[in-house]
Amino acid sequence: MNYEYNIKVNLKKELINFYEWNENDKITVLKKVPIFKVNDDTYSELLNFNIKVNKSFIEKIELSNNICIFCTNIDSICIKFNIDGEIDKISKLDLLEEKDILDSMISKQKYKLNYRKISYKTTYSYNTREENRIINSLVEYIELKKDNKEIIDYLYYEWFNKNSNNKNKYEKLVESIKNEYNIKHQKLYEIIELINS
């Protein structure tokens with residue numbers, strides 16, 4: 001088995017890229033962690049599905065608190081499994097540490113991981129943490145004010161740049177805000193801050 005030493009991770013339920021780690025995160029240094037090189041399909045499914053590995057794999061990594069790193073030739077991820085073999089927490093790696101791992105694993109053979117997919121995972125977001133915070137704040141505010149016709153009309157106009165007699169303004173507004181982050185989110189967020197002050 002291959003190991004790496006003194007690796008910083010930020011194990012969370014949702015995947016947070018290393019450049020978004022902040023002072024409130026609990027960064028852990030793994031003294032010794034096993035590494036498994038897997039094929040691209042397996043790696044993709046580790047990222048996109050809730051999976052369950054077999055008991056023999058958990059026994060293999062239990063001395064490292066059920067934590068291991070999976071990599072391909074171009075990417076790596078740290079995963080903590082629960083005692084049942086399901087993904088519990090996940091972390092990206094510091095860029096320099098990831099490069100060291102990828103360099104050391106480039107000539108290693110791929111490990112055949114036995115697992116089964118439980119469900120599709122939707123926790124990974126291409127938005128930054130701050131962008132997600134703004135989207136969530138907008139949605140919460142609009143849900144709080146959904147019965148206030150004047151505010152919903154005003155926010156609808158600011159968002160879509162047009163008036164509408166549509167009775168589902170609230171739903172349409174929330175649905176649109178939940179889409180990919182753009183400059184309109186920041187503008188609407190600033191308007192709501194003005195309304196509240």
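In the predicted model, the hairpin formed by strands β5 and β6 has five residues between its strands, and within this hairpin Gly85 adopts a positive phi near 90°. The two strands of the hairpin, β5 and β6 (residues 87-91), pair in the antiparallel sense, and four bridges link them. One position in this pairing is defined by Cys78, which stands opposite Ser91 in β6.

Strand β5 also pairs with strand β4 (residues 67-71); this pairing is likewise antiparallel and extends over five bridges. Here Lys80 of β5 is the bridge partner of Ile67. The connection from β4 to β5 is a hairpin of four residues. Strand β5 thus has antiparallel pairings with both β4 and β6. As for solvent cover, β5 (residues 76-81) is mostly covered, with five of its six residues being buried.

A second element examined was helix α6, which comprises residues 169-177. Its buried residues are Lys169, Tyr170, Leu173, Val174, Ser176 and Ile177. When the helix is viewed down its axis, the buried residues of α6 fall within an arc of 165°, and they therefore line one face of the helix. The cover over these buried residues includes three other helices, namely α4 (129-144), α5 (149-160) and α7 (183-196).

These elements belong to a chain that contains seven helices and seven strands. In sequence order, the elements follow the pattern β-β-α-β-α-β-β-β-α-β-α-α-α-α. The radius of gyration of the chain is 22 Å, whereas the globule rule gives 16 Å for 197 residues; because the value for the chain is well over that of the rule, the chain is more spread out than a compact globule. The dimensions of the C-alpha trace were also computed: along the principal axes of the chain, the trace spans about 65 × 30 × 25 Å.

Burial, contacts and surface were then considered for the chain as a whole. Of its 197 residues, 39% count as buried. Among the contacts with a separation of 6 or more, 69% are accounted for by residues 24 or more positions apart. The accessible surface of the chain comes to about 12,200 Å², and carbon and sulfur atoms contribute 47% of this area.

How values were computed
Residues numbered from 1 in each chain as written. Predicted model: local features only at pLDDT ≥ 70, side-chain atom pairs only at ≥ 80, totals over all residues. Heavy atoms only, no water. Buried < 20%, exposed > 50% of the residue type's maximum accessible area, 1.4 Å probe, protein only. Arc of directions from axis to C-beta. Contact = heavy atoms within 4.5 Å. Pairing = 2+ DSSP bridges. Rg over C-alpha atoms; globule rule 2.2 N^0.38 Å. Areas by Shrake-Rupley, 256 points an atom, 1.4 Å probe, with all protein chains shown as cover.
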